[in-house]
Amino acid sequence: MTTDEFIFNCKSAIFLSVKKTFLAEPQDLSLVWLSKDLQNRKATFANTVEKEDDRYWEVTYNGDKDEYYVDTYIKFSNTCVSGEQVDFLMKIYRRKEVDWIKFKTRPITEEEREERPWVDEQYGFDCPVPDLGQKVLVTDGQWVGVDEWDDFAGIVGLLDFNGYASDYNDLWWAPIPDLPKTEGK
């Protein structure tokens, strides 16, 4: 199979897999990336029709079985992070120059429960916590990410907490240090 035939086959597989939930035609899909490894191939495609959503597709071809596997994604965000910011964060993480604060939770008291009876909160924090709306570094000792401390209808915590594989007692936080000033910025 030639590369052009593979691309056409991928577009056809995408069109067949969406089953009329996508109004565009196969020619409205634009190749973004392509790879070949022995008899197997993979490609990603973007939607070029403005009135459609931000879907994109990954097609994997299994050459042994002559099967196409189509994964559909919707772009959730498009955030620009400069290489300078990434380098700065990695230097901090490697040198351990950040004063990490370990989250420590405790059961909430009856007094706290009486103050906010509408909240089904089971624990409070027995450690310094960020200010509401503050973006912070978060780590479990293996990775470092950025999160925000927020209030969810009376429950205070990390905005993306449900995305972590551990509970608060396995996490540390630190304020994001100021980035170094560069000329013209």
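A strand here is a DSSP run of E covering at least two residues, and strands are numbered from the N terminus. By that definition, Ser35 belongs to strand β1, which spans residues 29-37. The model is predicted. Its secondary structure consists of eleven strands and three helices, and along the sequence these follow the pattern α-β-β-β-β-α-β-β-α-β-β-β-β-β.

**Overall figures**

- The protein has 185 residues, of which 28% count as buried.
- The exposed area of the protein is about 12900 Å², with 52% of it supplied by carbon and sulfur atoms.
- Among contacts with a separation of 6 or more, 44% are between residues 24 or more positions apart.

**Strands β1 and β2**

- Eight bridges join β1 and β2, and the pairing is antiparallel.
- Within this pair, Leu31 is positioned opposite Phe45 of β2.
- The β1-β2 hairpin has two residues between its strands, and Leu38 in this hairpin adopts a positive phi near 55°.

**Ser35 and its surroundings**

- Ser35 has a relative accessibility of 28%; because this value falls between the 20% limit for buried and the 50% limit for exposed, Ser35 is classed as partly exposed.
- Leaving aside residues up to four places away in sequence, Ser35 touches Asn40, Arg41 and Lys42.
- Thr60 is 25 residues from Ser35 in sequence, and the C-alpha to C-alpha distance between them is 9.5 Å.

**Salt bridges**

- The whole structure contains two salt bridges.
- One of them joins the side chains of Lys42 and Glu58, at 3.4 Å from N to O. This pair connects distant parts of the chain, since Lys42 is in strand β2 (residues 40-47) and Glu58 is in strand β3 (residues 55-62), 16 residues apart.
- Lys42, a residue that also touches Ser35, is partly exposed because its relative accessibility is 26%.
- Lys135 and Glu148 also form a salt bridge through their side chains, at 3.4 Å from N to O. Lys135 sits in strand β8 and Glu148 in strand β9 (residues 144-152), so this salt bridge ties together parts 13 residues apart in sequence.
- Glu148 has a relative accessible area of 19%; because the cut-off for buried is under 20%, Glu148 counts as buried.

**The five-stranded sheet**

- Five strands form an open sheet in the order β5-β11-β8-β9-β10, and their pairing is antiparallel.
- The edges are occupied by β5 (101-102) and β10 (155-158); each has a single partner strand, so one side of each has no neighbour in the sheet.
- Inside this order, β8 (residues 135-139) pairs with β11 (residues 172-175) in the antiparallel sense, over four bridges.
- Ala174 in β11 is the bridge partner of Leu137.
- Strand β8 also holds Lys135, and strand β9 holds Glu148, the two residues of the salt bridge described above.

**Nonpolar surface patch**

- Val81, Val86 and Met90 make a nonpolar patch of about 230 Å² on the surface.
- One of these residues, Val81, is located in the loop that runs between β4 (67-74) and α2 (83-95).

Definitions and conventions
Residues are numbered from 1 along each chain as its sequence is written. This is a predicted model: local features need pLDDT of at least 70, side-chain atom pairs count only at pLDDT 80 or more; totals for chains, interfaces and linings use all residues. Side-chain values use heavy atoms; hydrogens and water are left out. Patches are made of residues with over 30% relative accessible area and no salt bridge: like charges are joined within 9 Å, nonpolar side chains (Val, Leu, Ile, Met, Phe, Trp, Tyr) within 5 Å. Accessible areas come from the Shrake-Rupley method with a 1.4 Å probe; for residues, only the protein chains shown count as cover. A salt bridge is a side-chain nitrogen of Lys or Arg within 4 Å of a carboxyl oxygen of Asp or Glu. Buried means under 20% relative accessible area, exposed over 50%, partly exposed in between (1.4 Å probe, protein chains only). Contact means heavy atoms within 4.5 Å. Two strands pair if DSSP finds at least two bridges between them.
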